[in-house]
Amino acid sequence: MSTAPTSAPAANSTATSVPTKIERQASGMQGTIQSGNGNAKPVNWESEIQLVSSLAKLQELERKIHEIRQFVPAGLLEPIVPISSSNTVSTNNPAAETPAILRNDLEHAAHDRLASLEQFQSLWRSPEMKPVWAHVEARLGEANGQILQPTGMWEKDYDVLLAELTKAEKGKEDERLREEEDAERTKALSSEGEWTAVIERFEQRNVPGVRVMKGQNQTSLAIALSRAGMVFLVAGVRDYNSSAVSGWQVSSRVAPGRSTTKLEQAVLECLNSRPRKWDLAFLLDMIASYADIKQTPCIKCAQLTNNAAQLPTIRRAQSTQPSTDDKSRLFVFDAFHPSCA
Ligand SMILES: [Zn+2]
C-alpha cells in the first residue's frame, strides 16, 4: 500500500531527469544546427508522406550508425586481416608485402573511415534533417522523455513504404492530369468555330519565321517555317460517323520532284506522336518550336548536332499549369536529340 506513492514520483523523475540516448543525441545535435542554420522551413506534420520520409531518413541514419560501429577496430584493422589469417587472402584482398605497403593500407583504411564519418555527420546536421530533429525533440518532450517506439525496433522499412506512397501519389497526380485534359478536350470539341479562333490567335502572335496559310475549309491549313525550309499540312481528323473533329494529323508538303528529307521525316514523326492530339493550339505551338531548328541546341547536351550529325528533332512540352484564361495559354517546348531524349 505504501509503495505506490513512493514509486510513482521515482518513476517520473527517472523519466524526466535521465534523457534517453536518442534525446541526448537529438538535442545535442540540435544545438549545433540551430546556431549554424537560421530557421527551418515549416513542415506539415499532418502529411503522411512527410512523416514516412522523415522516418526513412532516421532509419537510414541508424543503419549508418551500425556501419560506423564496425569501424573500430575491424574497419581500421582490415589491412592486417589477410596477414594474420591466410585463408582470407584473395586477389581483391592481398596481404601487404612490405611494412611500407601495410602502413599505406592502414592509412587508407583510416582515411576512408574518417571520410564516411564526416559524411554521416553532415547528413545528421543537414538542413533537411533539422525539422525532423526538432519534431523528434518536441514529441519526446510531450511524451515526458518516454521512448516513442516502445519496442526500440524499427517495425517497418520506411524507405519501402515511402516508395509505395510516392508511387501512389504520382498515380493520383496522373489521374488528376488526365481528368483535367478530358475536361479541356470536351470543352474544345464542343465550342463552335473554336478552330478558326485558335488559328487567328496564333496568327496574331506573329511568331518569327512562321507563316500560317488557311486551307479550303476551317479544318485544314498549312504552316510554313521559312528559316527551317519546311512546310507542314495540318488537317482535322473526323471520327467515323461523326462530324466533330477529334484530332489533327500533320503531313509535310514538299516541292514537286523532291522527296521528304530525313530531317523533315524526323520532325514529322515527333509531331504525329505528340500528346493532346485534339489540341490545335498545342500543335501550332509545337510546329512553331521548329522554326529555328537549325539554331536551337539540345537542352540535354547543349550541342546543335550530335555524333550522328542529327539536329535536335525531338520536342517535349514543358509542363504548364492551365491558366485561368485558356485562350492565352502558350506551350513551351524543349529540344532534344533523339539520342538525348
Ligand atoms: Zn543532345
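This passage walks through the fold, the sheet, the nonpolar cores and a few individual residues of a predicted model.

The protein has 11 helices and six strands. Of its 341 residues, 29% count as buried. Contacts that reach far along the chain are well represented: among those with a separation of 6 or more, 56% join residues 24 or more positions apart.

A convenient place to start is the sheet. Four strands make up an open sheet, arranged in the order E1-E2-E3-E4 with antiparallel pairing. E1 and E4 are the edge strands, each pairing on one side only. From one strand to the next, the twist averages 25°. In the middle of this order, E2 and E3 pair over six bridges in the antiparallel sense. Two of the E2–E3 pairings can be picked out by residue: Leu 221 has Val 234 in E3 as its bridge partner, while Leu 225 is matched with Met 230. The two strands form a hairpin with four residues between them, and Gly 229 in the turn has a positive phi of about 70°. The next pair, E3 and E4, is also antiparallel and is held over seven bridges. Here Val 237 stands opposite Gly 247 in E4. This hairpin has six residues between its strands, and the turn contains Asn 241, with a positive phi of about 70°.

The sheet strands also take part in the largest nonpolar core, which has 33 residues; Ile 223, Leu 225, Phe 232, Leu 271 and Leu 280 touch the most other members. At least two residues of this core come from each of helix H9 (194–204), strands E1 (210–214), E2 (220–225), E3 (230–238) and E4 (245–252), and helices H10 (262–272) and H11 (280–288). The greatest contribution is that of H11, with seven residues. Ile 223 illustrates how these elements meet: leaving aside residues up to four places away in sequence, Ile 223 touches Val 210, Arg 211, Val 212, Met 230, Val 231, Phe 232, Val 234, Leu 284 and Ile 287. Another core, of 11 residues, lies apart from the largest one and includes Leu 58, Ile 68, Phe 71 and Val 136. In soluble globular proteins, nonpolar side chains tend to be buried together.

Val 136 leads on to helix H7, where Lys 130, Pro 131, Val 132, Trp 133, Val 136 and Leu 140 are buried. H7 covers residues 130–142, and its 13 residues reach 19 Å from the first C-alpha to the last, close to the 18 Å expected at 1.5 Å a residue. Just after H7, Asn 144 takes a positive phi of about 60°.

Leu 114 belongs to helix H6 (residues 99–124). Is this leucine buried, partly exposed or exposed? Buried means under 20% relative accessible area and exposed over 50%, so Leu 114, at 47%, counts as partly exposed. Its C-alpha atom is separated by 9.7 Å from that of Ile 68, although the two residues are 46 apart along the chain.

The cysteines can be read with the same cut-offs. Cys 270 has a relative accessibility of 8% and therefore counts as buried, whereas Cys 301, with a relative accessible area of 30%, is partly exposed. How many disulfides does a search of the whole structure find? The search returns zero.

Technical notes. Residues numbered from 1 in each chain as written. Predicted model: local features only at pLDDT ≥ 70, side-chain atom pairs only at ≥ 80, totals over all residues. Heavy atoms only, no water. Disulfide = S-S within 2.5 Å. Buried < 20%, exposed > 50% of the residue type's maximum accessible area, 1.4 Å probe, protein only. Core = buried A, V, L, I, M, F, W, Y, C linked by side-chain atoms within 4.5 Å. Contact = heavy atoms within 4.5 Å. Pairing = 2+ DSSP bridges. Axes fitted to C-alpha atoms, helices over the stretch in contact; angles between N-to-C directions. Expected span 1.5 Å × (residues − 1).
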